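Please read this briefing alongside the sequence and the 3D view. It goes through the structure topic by topic.

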Amino acid sequence: MTLKPSGRLRAAKALGDDPGADEAAENGRIGGSFATLADLVADLISPIEIIPRDRLAAAKARAGVGSLAEALADEGYAQPDGIARSLARRHGLPYIDLEQQRPSGDALEQIPLRALKRVTAIPVSLQDGRLLVALADPANILAIDELRLATRHHLDLGIAGREDIVSELERLERASEVYETQSAMEEFEVVGDDDGDDLEAEDGVSDAPLVRLVNSIIMQAASDGASDIHFEPQGDSLVVRNRVDGVLTEQQRIPRRMSSGVTTRLKVLAKLDIAERRRPQDGRISLNATAVGRLLDIRVATLPTVEGEQVVMRLIDKSRSIPTLESLGLSETMRAQISQMIFKPTGALLSTGPTGSGKSTTLYASLAQINRPEINVMTVEDPVEYRLPGINQIQINVKAELTFASALRSILRSDPDVIMVGEIRDAETAKMAIESALTGHFVLSTLHTNDAPGAITRLNEMGVEPFLTGSAVSAILAQRLARRLCTNCCEMYVPTVDELLAARIAPETAQAREGMVVYRKVGCPRCNRSGYKGRIGIFQLLIMNDELESLAAADAPRDEIDRAAFAAGMRSLWDDGIAKAAAGLTSVEELARVVAQ
């Protein structure tokens, strides 16, 4: 069994100390022959012992009468795609990539969906009376017999990844629900009066098709990993857009006659006043999305527009695993520096950047590493995005006059060792947070600035005494979130200077980077033709030293602070991003979009 080297890994190693080298190496490992560990047991226990014998025995015992390949996948030793390819070779059947070879409508009509879900199979094509069906487990004879009985066509079998088949079946189920909903609503609208008063319109609470439509939209967004759902009224329809990886994409258009029912249904779920359509409202929905295995906390905001009432939903996945510093995309050097910083008894670590740049996630990762039984960790947040065991978390409640400032004032009387303030929004919160960092507490918080040095001047502008800023702040981490390149379709290339300039890169930077090997997006079904899947952080770390502390205390101009920070070893956001682009983790085009030059 040979291990194929990764082009991304070679590019990353060429950079030396690179923030994305570890991740590029991991991508290369997954893309190599490790994906085919389920090929033959003899391969698995070969002299190089990719899987230790005791672990292999444990996987076989765990599989029982089931599939060893599935047990290996569950243990993390094999990739589903590699398992499917190996099974196809062993059984002499074709491998079918459902992302590349989409199931045809004619084929899908031949076998009922409920039967397909029972046997985990999907019809792919129908030609000359022969139906090609993709299976996850070709050894399941009972499933194959059920498929033969369910269709009058001759059956040809192929192998596809189990996750791909399940995902396709879920998509078909959601699509059928939307179709049934629209059909039922068309029949309902014939009876209704389109010219009636909006306040007297059907609220849709008891209308099952409308309920299924709203549920399917939310489930689809949760399945896609969307952070927001937008319901935007237009002239002839209600446009539904999901924000995935920081970018809005249109999902569907709901006929205008149904928009009132959809909006009302959302307001009922969020416990809002369905009769009030002239002023903004805020609410929340707690939802256990069993179909996608997630527990969602949804914040709902309505806003009256000239075309009708707009609804925006913020999806917070409460079942997400707690982030770690390793998962953020920090370089080894930055991660070591932050790990050393957060274990200090006093001081402040500030995370800065625009809204949606991952600042809170960074603080949660730091808290997860700090937390231990011998210290008292307290947080004040709006909203609480992760539930951290062993940490006392406080949710802001403006109606109860529980603000960041008032909560922080109470926390200081509760004997804390570490305090996390979700956001410094006003002068009072800023002063209390900075003073807390000087009085025996370690403080973590976020601030809205474009880069790390800007946080020093922003605190001074908010009314914090300059000498306090210099003494209290230990480090400032500026960050952005860039979309990751899809590992299935990205390609290597050498950009020309003109291409770099077209990506809004400064001329001097473009000249300096001429001849550099990077990766670019292509687009495939796996990434929905976008060329990107997931996101990675771009970081800039400023660590306070004696010179920077003196400049902050003297309320020095911004350009002097910048010069001193770069002289002390601080890198720009662009430098960190270019290293990740060279490692194949993101593209120069995406970097130019999220990092201002």
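The points below cover a sheet, some helices, several buried residues and a few backbone details. The model is predicted. Its open sheet has 7 strands with mixed pairing, and α15 is one of the helices that touch this sheet.

**The sheet**

- The 7 strands of the open sheet follow the order β12-β11-β13-β14-β10-β15-β18, and their pairing is mixed.
- β12 and β18 (532-543) are the edge strands, each pairing on one side only.
- From one strand to the next, the twist averages 15°.
- β11 pairs with strand β13 (residues 418-421) in the parallel sense, over 4 bridges.
- One bridge to β13 has V377 and V418 as partners.
- β10 and β15 run parallel and are joined by 5 bridges.
- In this pairing, L477 in β15 is the bridge partner of S351.
- β15 and β18 pair in the antiparallel sense, over 10 bridges.
- I476 has L542 in β18 as its bridge partner.
- β15 is largely enclosed by the rest of the structure, because 12 of its 13 residues are buried.

**Helices on the sheet**

- α15 packs on the sheet, where it touches β11, β12 and β13.
- The direction of α15 makes about 165° with that of β11.
- Helix α16 (residues 427-437) lies across β10 (347-352), β13, β14 (442-447) and β15 (473-485).
- α16 runs at about 150° to β14.

**Helices that pack on each other**

- Helix α17 (residues 452-461) and helix α22 (residues 558-567) cross at roughly 140°, and their axes come within 9 Å.
- α17 and α22 are oblique to each other, because angles over 145 degrees would be needed for roughly antiparallel.
- The crossing of α17 and α22 is right-handed.
- On the α17 side, P453, G454, I456 and T457 take part, and they meet R558, I561 and D562 in α22.
- α22 also packs with helix α21 (residues 546-553), at an angle of about 170° and with the axes 10 Å apart.
- α21 and α22 therefore count as roughly antiparallel to each other.
- E547, L548 and L551 of α21 make this contact with E560, I561, A564 and A565 of α22.
- I561 of α22 is named in the contact with α17 and in the contact with α21.

**An enclosed helix**

- In helix α23 (residues 573-582), 9 of the 10 residues are buried, so the helix is largely enclosed by the rest of the structure.
- The buried residues of α23 are L573, W574, D576, G577, I578, A579, K580, A581 and A582.
- G584 follows α23 and has a positive phi, near 85°.

**Other buried residues**

- Q310 is found in strand β9 (residues 308-317).
- Q310 counts as buried because its relative accessible area is 18%, and the cut-off for buried is under 20%.
- Apart from its neighbours within four places in sequence, Q310 is in contact with F231, E232, P233, A301, T302, L303 and T305.
- C486 is buried, with a relative accessible area of 3%.
- C527 also counts as buried, at 5% relative accessibility.
- The count of disulfides comes to 0.

**Backbone details in loops**

- D382 and P383 are joined by a cis peptide bond, with omega about 0°.
- P383 is placed in the loop between β11 (377-381) and β12 (392-395).
- K271 is not a glycine, yet it has a positive phi of about 60°.
- K271 sits in the loop between α12 (256-269) and β7 (281-289).
- With a relative accessibility of 73%, K271 counts as exposed.
- E401 is another residue other than glycine with a positive phi, here near 60°.
- The loop that holds E401 runs between β12 and α15 (404-411).
- E401 is exposed, with a relative accessible area of 66%.

Definitions and conventions:
Residues are numbered from 1 along each chain as its sequence is written. This is a predicted model: local features need pLDDT of at least 70, side-chain atom pairs count only at pLDDT 80 or more; totals for chains, interfaces and linings use all residues. Side-chain values use heavy atoms; hydrogens and water are left out. Helices (H or I, at least four residues) and strands (E, at least two) are DSSP runs, numbered from the N terminus. Buried means under 20% relative accessible area, exposed over 50%, partly exposed in between (1.4 Å probe, protein chains only). Two strands pair if DSSP finds at least two bridges between them. Axes are lines fitted to C-alpha atoms, for helices over the stretch in contact, and angles run from 0 to 180 degrees between N-to-C directions. Contact means heavy atoms within 4.5 Å. A disulfide is a pair of cysteine sulfur atoms within 2.5 Å. Angles under 35 degrees count as roughly parallel, over 145 as roughly antiparallel, 65 to 115 as roughly perpendicular and the rest as oblique. A crossing is left-handed if the near helix is turned anticlockwise from the far one by less than a right angle, and right-handed if clockwise.
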